[in-house]
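Q: Please take a close look at the salt bridges. Which residues pair up, where do they sit, and how open are they to the surface?

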Amino acid sequence: MQPSKLKTLLVYKYLEEYSDEQNPVSSAKLIEMLEEKGIKCERKSIYADIAALKEIGCDIITSKPPFGGFFMASRSFELPEVRLLIDAVTSAGFITPNKTASLVKKLEGLVSANQAEALTSQVYLESENKCDNEEIYYIIDTLYEAIKEKKRVKFIYRRRNIDKRERKAYTQKTFLVSPYALIWKEDHYYLVCNNDKYDNLMNLRLDRMKMIQITDIPQRPIGEVSEYKESFDSADYSSKMFNMFSGKTDKVRLLCNLELREEIIDRFGTKIPLTAVDINHFETTVNAAVSDGFVSWLMQYGNNVKVIEPHYLAEMVSEKAKLIVSLYDEK
């Protein structure tokens with residue numbers, strides 16, 4: 001590559017890496033950095049490089065004294081966007097500590113060095129709540145490929161053992177399933193799939209999978225194992241799941257304390273009906289997968305939510321409450 005072309009590319013690289021509104025890079029500094037690469041130039045040629053970069057669409061601003069210089073006014077990702085992505089990565093439990101650190105480092109490369117340094121000082125990595133499965137990237141990639149190719153997958157699924165010696169050991173089971181979708185919910189990544197032994201959907205956590213492989217066996221049609229006849233609706237399915245427990249979908253009528261209206265709307269969406277009962281209560285009807293997870297979700301609100309219909313769900317909540325009371329009544 002000709003030195004003049006290389007010089008222009010290096011000027012762009014230095015501005016992208018080191019400059020921002022609070023930290024412009026002067027022409028003298030650019031000349032100094034170029035000399036370190038064996039390229040000698042004058043101030044006039046730096047101005048020509050800046051003009052050429054602006055001509056092809058680079059948003060480079062010339063700052064005024066006393067901090068004269070040049071800086072990138074806009075990038076593919078702005079600082080608040082990068083901060084948001086870093087927060088998402090650091091809080092995701094299914095990403096291991098090593099991969100979290102690696103991803104954060106790559107995201108910091110989307111902003112200037114000074115901005116990245118400020119971001120780093122604000123990032124807190126909580127490793128205790130992170131998974132230890134370093135295969136997670138490969139697992140995600142393999143599952144996406146299997147879903148696209150509509151092939152079944154085989155893998156080992158781990159669950160933590162509990163014993164009196166507090167040893168960290170796992171029970172392992174081999175699964176052969178038809179994969180339909182990946183859902184990130186409640187700080188975990190789940191595979192929505194079907195086990196051949198049953199005619200329904202199940203949710204399995206990706207961080208518990210090992211040694212995954214795509215088979216030559218076609219997946220079961222989604223219409224055979226769910227209410228979705230043509231294609232799987234991830235948004236609809238996710239909205240009905242509670243604590244990612246699968247179950248039969250039913251219409252549920254709830255009597256709620258008025259103070260819970262925002263939480264109910266946040267959970268079920270703005271399209272649900274809200275009917276005033278009195279000055280302290282309202283009713284709503286929602287579609288939900290009735291399961292132990294849904295019962296647990298309802299019970300967190302204590303006497304502020306009551307199941308009106310269906311009756312069998314009200315009985316499930318009542319029985320669960322009685323079991324909890326009996327646990328504390330034991331002498």
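A: **Salt bridges, pair by pair**

Lys322 and Glu319 share helix 12, sitting three residues apart, or about one turn of the helix. (Helices, H or I with at least four residues, and strands, E with at least two, are DSSP runs numbered from the N terminus.) The model is predicted: local features need pLDDT of at least 70, side-chain atom pairs need 80 or more, and totals for chains, interfaces and linings use all residues. Residues are numbered from 1 along each chain as its sequence is written, and side-chain values use heavy atoms, without hydrogens or water.

The pair in helix 12 forms a salt bridge, with 3.7 Å between the closest N and O atoms of Lys322 and Glu319. (That is a side-chain nitrogen of Lys or Arg within 4 Å of a carboxyl oxygen of Asp or Glu.) An α-helix has 3.6 residues a turn, so residues three or four places apart point the same way. Lys322 is exposed, at 51% relative accessibility. Glu319 is partly exposed, at 39%. (Buried is under 20% relative accessible area, exposed over 50%, partly exposed in between; 1.4 Å probe, protein chains only.)

The whole structure has 13 salt bridges. One of them joins Arg152 and Asp196, with the closest N and O atoms 2.5 Å apart. This pair links distant parts of the chain, 44 residues apart. Arg152 belongs to strand 3 (residues 151–160). Asp196 lies in the loop between strand 5 (188–195) and strand 6 (202–205). Arg152 is buried, with a relative accessible area of 14%. Asp196 is partly exposed, at 32%.

Now the surroundings of Asp196. Residues up to four places away in sequence aside, Asp196 touches Arg152, Leu176, Ser178 and Arg220. (Contact is heavy atoms within 4.5 Å.) The C-alpha atoms of Asp196 and Gln219 are 9.6 Å apart, with their positions 23 residues apart along the chain. Asn195 is in strand 5. Asn195 is buried, at 10% relative accessible area. With the same sequence cut, the contacts of Asn195 are Phe175, Leu176, Val177, Met202 and Arg220. Arg220 also has salt bridges: Asp199, Arg220 and Glu224 are linked in a network of them.

Another bridge joins Glu309 and Arg253, with 3.5 Å between the closest N and O atoms. This pair too links distant parts of the chain: Glu309 is in strand 11 (residues 305–309) and Arg253 in strand 8 (residues 248–257), 56 residues apart. Glu309 is partly exposed, at 42% relative accessibility. Arg253 is partly exposed too, with a relative accessible area of 24%.
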